[in-house]
Amino acid sequence: MSETTTLAAAEKRPLHVHSLSIENVMGVKALRLEPAEGDALIVVGGDNGAGKSSTIDAIFWACGGKPSATMPIRQGQEEAKITLDLGELIVTRRFFWGAD
């Protein structure tokens with residue numbers, strides 16, 4: 001099997017969230033999600049302002065998406081941190097006031 005074939009096959013494997021940790025992201029002070037082994041679905045629910053969109057946005061930002069025009073840092077804080085564990089890959093992103 002060629003290296004190209006191996007990489008292509010690896011890219012088609014689904015990624016699963018092993019854990020998500022967010023601190024001071026938008027309206028969320030702190031959140032840690034750790035799905036049980038074998039869970040295929042994570043349901044994010046709650047009242048308005050509970051942090052559902054912030055949680056989904058944090059996953060998007062950890063995967064390389066750019067935040068919207070507003071800073072993703074919770075009001076009154078100096079920095080925000082997102083750590084997304086996908087098993088084979090762990091991504092940590094930090095946002096600081098004044099940084100591009």
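Buried means under 20% relative accessible area, exposed means over 50%, and partly exposed covers what lies in between. Keep this scale at hand for the exercises below, which work through a predicted model.

**Exercise 1. Place Ile42 on the accessibility scale and describe its surroundings.**

Solution.
- Step 1: The relative accessibility of Ile42 is 40%, so Ile42 counts as partly exposed.
- Step 2: Now find Ile42 along the chain: its place is in the loop between strand E2 (28-33) and helix H2 (52-62).
- Step 3: Look at the surface there. Ile42, Val44 and Ile56 make a nonpolar patch of about 240 Å².

**Exercise 2. Find the aromatic pair and classify its geometry.**

Solution.
- Step 1: The count comes to one aromatic pair.
- Step 2: The partners are Trp61 and Phe95, with 6.1 Å centre to centre and 70° between the planes.
- Step 3: Planes over 60 degrees apart count as edge-to-face, and the Trp61 and Phe95 pair is indeed edge-to-face.
- Step 4: Trp61 lies in helix H2 and Phe95 in strand E4 (residues 90-96), so the pair ties together parts that are 34 residues apart in sequence.
- Step 5: Finally, check the accessibility: both Trp61 and Phe95 are buried.

**Exercise 3. Describe the largest nonpolar core and say which elements supply it.**

Solution.
- Step 1: This core has 14 residues.
- Step 2: The residues with the most contacts inside the core are Ile22, Val25, Ile82 and Phe95.
- Step 3: Turning to the elements, at least two core residues each come from strand E1 (19-25), H2, strand E3 (79-85) and E4.
- Step 4: Take Ile82 as a worked case. Leaving aside neighbours within four places in sequence, Ile82 has contacts that include Ile22, Val25, Ala58, Trp61, Val91 and Phe95. Polar residues appear on the list as well, among them Ser21, Thr92 and Arg93.

**Exercise 4. How many salt bridges does the whole structure hold, and which residues form them?**

Solution.
- Step 1: A search of the whole structure gives two salt bridges.
- Step 2: One joins Arg32 to Glu34, with the closest N and O atoms 3.0 Å apart.
- Step 3: Apply the scale to Glu34: its relative accessible area is 54%, so Glu34 is exposed.
- Step 4: Another salt bridge brings together the side chains of Glu79 and Arg94, at 3.2 Å from N to O. This pair links distant parts of the chain, with Glu79 in strand E3 and Arg94 in strand E4, 15 residues apart.
- Step 5: Use the scale once more. Glu79 has 32% relative accessibility and therefore counts as partly exposed; Arg94, at 44%, also counts as partly exposed.

Conventions
Residues numbered from 1 in each chain as written. Predicted model: local features only at pLDDT ≥ 70, side-chain atom pairs only at ≥ 80, totals over all residues. Heavy atoms only, no water. Patch = residues over 30% accessible without salt bridge, like charges linked within 9 Å, V, L, I, M, F, W, Y side chains within 5 Å. Areas by Shrake-Rupley, 256 points an atom, 1.4 Å probe, with all protein chains shown as cover. Salt bridge = Lys/Arg side-chain N within 4 Å of Asp/Glu carboxyl O. Buried < 20%, exposed > 50% of the residue type's maximum accessible area, 1.4 Å probe, protein only. Phe/Tyr/Trp six-rings, centres within 6.5 Å; stacked < 30°, edge-to-face > 60°. Helix = DSSP H or I, 4+ residues; strand = E, 2+ residues; numbered from the N terminus. Core = buried A, V, L, I, M, F, W, Y, C linked by side-chain atoms within 4.5 Å. Contact = heavy atoms within 4.5 Å.
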